[in-house]
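Below is a short report on selected features of one structure. The sequence and coordinates come first, and the notes follow by topic.

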Amino acid sequence: MSPLLQQFVSETRDLLQSISEQLLEVEKADDKQTTLNELFRIVHTLKGNTGLFEFPDLTRVLHAGEDVMSEARERPEIWDQALTDLLFESMDYVSSFCDSLEENNGEPTSDSKAATQLSKNLRAYLDGNNSEAKAEVIDSGAATEPKKSKKAATKTKKATAQKKSAGGSSKRRPPRAKGLPPEHNLLKDLPADTLIEAWKASNPEEPVWLVKYSPLAECFFQGDDPLHTARSTPGVLWGKVENDCATQDINDLDPYQCVSTFTLLSSATEDELHEHYRYVAEQTDIEELNSHHLLLLNGEDQNDALPEDSVDALCEAVEATNLKEASSIAKTALELLNKDLQAAAALRWVIAINSDTDAQEHEKKEALIVICQRLRHNQHLSGYRFSEPEERAEEHAPEGDSPDEDAVSTSDASAGLPDTDTEDLLDTLVEDDREAFEHIVRTQGRILELDPTVGWANGRLRAACNVLMKTTTSLNLSTLIPSLEEAISAALSGNTEPLADWINEVIPGACNIALVNSGSNASNEAPDTRDTAITETKADYENTENADETTDSEHEESIVEETTEQDTPAPTESPTTATATEDKQASDKTPAFKPEPAVAPSKSVKVDQEKIDRLMNLIGEMTVAKNALPFLAKRAEEQHGLRDLAREIKEQFAVVNRIAEEMQDSIMQIRMMPFSFISMRFPRLVRDISRRLNKDVQLVIEGEDTEADKNIIESLAEPLIHIVRNSLDHGIEAPDVRKQKGKPATGNLTIRASQEADRVMIEIQDDGKGIDPDVIRNKAFEKGLIDEATRQRLSDKEAVNLVLMPGFSTADEVSDLSGRGVGMDAVRSAVDKVNGTMALESQVDKGTRIRISLPMSIAVTRVMIIESDNQLMGIPMDQVLETVRVPRSEIHTVKHVKTTVLRDRIVPLKSLNELLELPAEQIINEEEEHAVLVARVGNDVIGLVVDDFRGSVDIIQKPMTGVLSGMQAYSGAALIGDGSVLMVLNLKEVL
Amino acid sequence: MNVLIVDDASTVRMYHRNVLEAAGYVVDEAVNGLEALEKALENTFDLYIVDINMPKMDGYEFLMQLRSEDIDQAPAIMVSTEAAELDHTKAFTAGANLYMVKPIKPLQMMTYVRLLVGEESV
Amino acid sequence: MAIDYSEERAVLKSLVTIQEVDDLQEWLIAHPQGEIDLGECEHMHTAALQTLTSARRMISAWPSDTSFRGWIEPLLVKQEAQ
């Protein structure tokens, strides 16, 4: 994955967590507005991020989410629990999308159908029609678990991106002001008639779709016939098959490998297409076609096919909106032409467009302009200056210009045509630069038109001047510079007219400040203007300036304060204000705004887990290596008689030892994570489960700051979830049952983390029905876990702890939530794995409390290395009581169990080889003695017969991964000094 | 040439940073308008690339402060996922010099940035 | 069987399934000059189309269904010329 994608995934996870928190907040909050605003902002950010990548499914879901949040800000009353659920579900989708991104190295697997469904359900809220969303059966399984096996999703590219701007308009998308819509490679083979037919079939409500279907090579074996699938596409207008079989010898051809791809045009709806291609969604690309994409002149190229005067006449007729005339010119010219030529295609377009009865006149004109421009381009004629249609597209990223600006060029006669010199000058620029330059200049012209009475207008003007100067300089348009300098200097002295003139010189009609001036004279009146959008906003700002009335948002209120506070001069004031501020360090620069205390830039660094693991490994090796020093000292002294050297080595060892220990501590600290890392999942979990069970539960989490090693915290997640589920499922009663028992209807569940010395204590307490010790006793007895004597003997407290025994599960019936045969014993073994202990206390009808005690860090474990059957294994030192040599003669067999007597105590002996099912006998030394390691396992003491002892060593134990993780006999593995791997025995499991 | 990227989305910041740094610009980042203002007070930037929606202080507010206090009148591009006309006008009113719709294609961004900072960057 | 084979040509009729592709390929290899008649063909499996594309044969008759012809013609016609 690229770093950008990694960043994306990591940020998405953070944002999802915030969304989750806010969603829970919305349900509780009395004042929803703040939460809803925040939610909108986060979802908006998230959606914005997805735009950087090609993840159409993801964007679709988030876009819908954003729209719903935006609606909810306006109308909080649409919020209901179902919407919370739906949003949770959507975020789950996003989350699993991220998982798949990570798993598949940046190639997400995604369920388009689920995405479509989610987005549909979300959008149902936009019509104020929640019932529809609720009625839709949400296949949450499909939504939350994208198919792992399949690759990339159906991609739906939107050629027309902005729903908002398109909304309400029944017009075809107008062409860009500059240049022509890009030609689509895939459409180049289309017969002209097909294009015309497709164009007629398309309109903004019912666009035409371009489907690209690349079936899998092995699809024939799954019974697919892609050609059939493609041909039977709903609403298919045209299609083609491509493959490179022609380059292959028929003798070598494997016809059972599908190597064909399919491209087609369809007039069906997007939903119909997704439905049709649902089984092969990941092999399908569905793209919406802008109707102007279809306006192509396909055919043979011949550049002098049409006389220039015919083309001019055609263009003039179109410009004059005399469509009949255009059509008749086209018909006449077409008779003289070879029908296969591109020029002929253009003429057929003209005729076809004019005869389209569905299209409105201006739509026809827009299309005709595109055709005419293409025709001129095609015939190598110079461009024809069409006046721009009234409607302007806003879809091209930076070109979201005002819809009016080009209309001005025709309506405002005074601006006149551009100076030919300027035009020529601009012609020297690279096309991209020219486009950018014109766009920038035009935009500054627009900025100049804005209300000059706001407090920051002077700064705004200066910024615009800077932009004009810099842009012009950067393109070396030196002839424009002197006039610009003059104009700027005038503007900064209060007269913006020369600057407006300069702009109009470059882009005719781009700046009309006349209305601004009149507007500023009558400051409280909305200026007479041709642009409603500007008027409204202007009025907005003016209102806020007058602002005794309530304003819509805090944001605008703060503007008011600023402007009234400081009484900034309008640009008509002296030029000194403008020039005096060049120096950024100038002392008068201290702003009037009062920044809140600085948000200290976060000092934390995100580090890859792997890097920390590497550090851990290194310090582990270091620990092992340093441990060799005492031996070295011993050898120096005993074998070489170098007592002084030995002493020095020991001193050095002490130093190295201390540093190593501190280093290890520091690394451990890095790995510390707060309990909140897992506890933050609980609010949602509890909410979901209790709703499903119709129980009313209040969750309290305490001690979220408590820290422990990452491994410990992570290993705690699963067991805790299980315990919480158990509490909700079997512990806390339904509200009516609780009332009968005289308890409050709302149950309490408390999860408390705290630190006690070097251990972390986790306590989960509920006030549910508790565990009945008699039930447990009987059940354990029935299951053969205890015998009759034990059943009698066990105290109540001991009895309830029986649920922690392997194979015990109290659920009478397997419930959906917990149960499933994995009971508390699974929790217990997970806790055991990290050297934790757990205990359970319960009182009938009072509740249950589970206490888990865990080491704070995995730290270094000291293990005794033993040898058995030529293998080295480690046993944690804290289990080892002693190592002894037991003569064979002192081993007795009592009731088939080998025993020996140590310190007046009978110790049962077990052969390690036997326990591990190794076929070898344990080796005896020359004195006929067995090596016996006496260990404490739980409350029992046993003697483990091994081949030999190899001393003890500090290791950093790592849990087993991969296939090895299933091997219960070992609790982990560690690297030892010589680079070999030492397996650490899990005695509890082995015995 | 110094560019300040003001955006609360770290992914977007990284994206812009990648593009700009590849072209040799020196890039600084701020996560909201407030932090951006503080940076603008301390340093000189040749260009601001500003998001609209941010916590603590949004892009409009930031630009208005930037312009009204004469903190800096360097060019500013406002970037947003919204293409609605009203947002453009608001952006220009607040003090932006250009409005671009996210995501911005690298080449396009390079062209505009080069023109706005007024120098060949390479 | 939806394909009638003769020495000169293979006549594909109605629906040609993937089961017929082996025979088709065999015939095409054995008859390097054999022509293809698609006049009565309504559909052929993608595998059959790929086989025909690879064989690069003269198409003596195109499918009467013009839409079907539109799908396959560019592939088969192009090859004819080669």
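## Strand pairing in chain B

In this predicted model, V6(B) sits opposite A30(B), a residue of strand 2 of chain B. Strand 1 of chain B covers residues 2-6, and five bridges join this strand to strand 2 of chain B, the two running parallel.

The pair belongs to an open sheet of five strands in chain B, ordered 2-1-3-4-5 and paired in parallel. Strand 2 (26-30) and strand 5 (98-101) of chain B stand at the edges; each has a single partner strand, so one side of each lacks a neighbour in the sheet. From one strand to the next, the twist averages 20 degrees.

## Helix 1 and the sheet of chain B

Helix 1 of chain B, residues 10-22, lies across four strands of chain B: strand 1, strand 2, strand 3 (47-51) and strand 4 (76-80). Relative to strand 2 of chain B, helix 1 of chain B runs at about 165 degrees.

## Chain B as a whole

Chain B has five helices and five strands. Along the sequence they follow the pattern β-α-β-α-β-α-β-α-β-α.

Chain B has 122 residues, of which 77% count as buried. Among the contacts in chain B with a separation of 6 or more, 58% are between residues 24 or more positions apart. The exposed area of chain B is about 3,200 Å², and carbon and sulfur atoms supply 52% of it.

## Chain C

Chain C contains three helices and four strands. Starting at the N terminus, the elements of chain C run β-β-α-β-α-β-α.

Of the 82 residues in chain C, 51% count as buried. Residues 24 or more positions apart make up 52% of the contacts in chain C with a separation of 6 or more. About 3,700 Å² of chain C is exposed, with 48% of this area coming from carbon and sulfur atoms.

## Helix 19 of chain A

Helix 19 of chain A takes in residues 457-474. At 1.5 Å a residue, its 18 residues should span 26 Å; the end C-alpha atoms are 25 Å apart, which agrees. Of these 18 residues, 14 are buried, so helix 19 of chain A is largely enclosed by the rest of the structure.

Just after helix 19 of chain A comes N476(A), which takes a positive phi of about 60 degrees.

## Cysteines of chain A

How many disulfides are there over all chains? With a disulfide taken as a pair of cysteine sulfur atoms within 2.5 Å, the count over all chains is zero. C219(A) is in no disulfide, and the nearest cysteine sulfur, that of C258(A), is 4.0 Å away. Seen from the other side, the closest cysteine sulfur to that of C258(A) belongs to C219(A), and the 4.0 Å between them is too far for a bond.

Are these two cysteines buried or exposed? C219(A) is buried, with a relative accessible area of 1%. C258(A) is also buried, with a relative accessible area of 5%. Both values fall under the 20% that defines a buried residue.

Notes. Residues are numbered from 1 along each chain as its sequence is written. Chains are lettered from A and ligands numbered from 1 in the order in which they are written. This is a predicted model: local features need pLDDT of at least 70, side-chain atom pairs count only at pLDDT 80 or more; totals for chains, interfaces and linings use all residues. Side-chain values use heavy atoms; hydrogens and water are left out. The expected span of a helix is 1.5 Å times one less than its number of residues. Buried means under 20% relative accessible area, exposed over 50%, partly exposed in between (1.4 Å probe, protein chains only). Contact means heavy atoms within 4.5 Å. Accessible areas come from the Shrake-Rupley method with a 1.4 Å probe; for residues, only the protein chains shown count as cover. Two strands pair if DSSP finds at least two bridges between them. Axes are lines fitted to C-alpha atoms, for helices over the stretch in contact, and angles run from 0 to 180 degrees between N-to-C directions.
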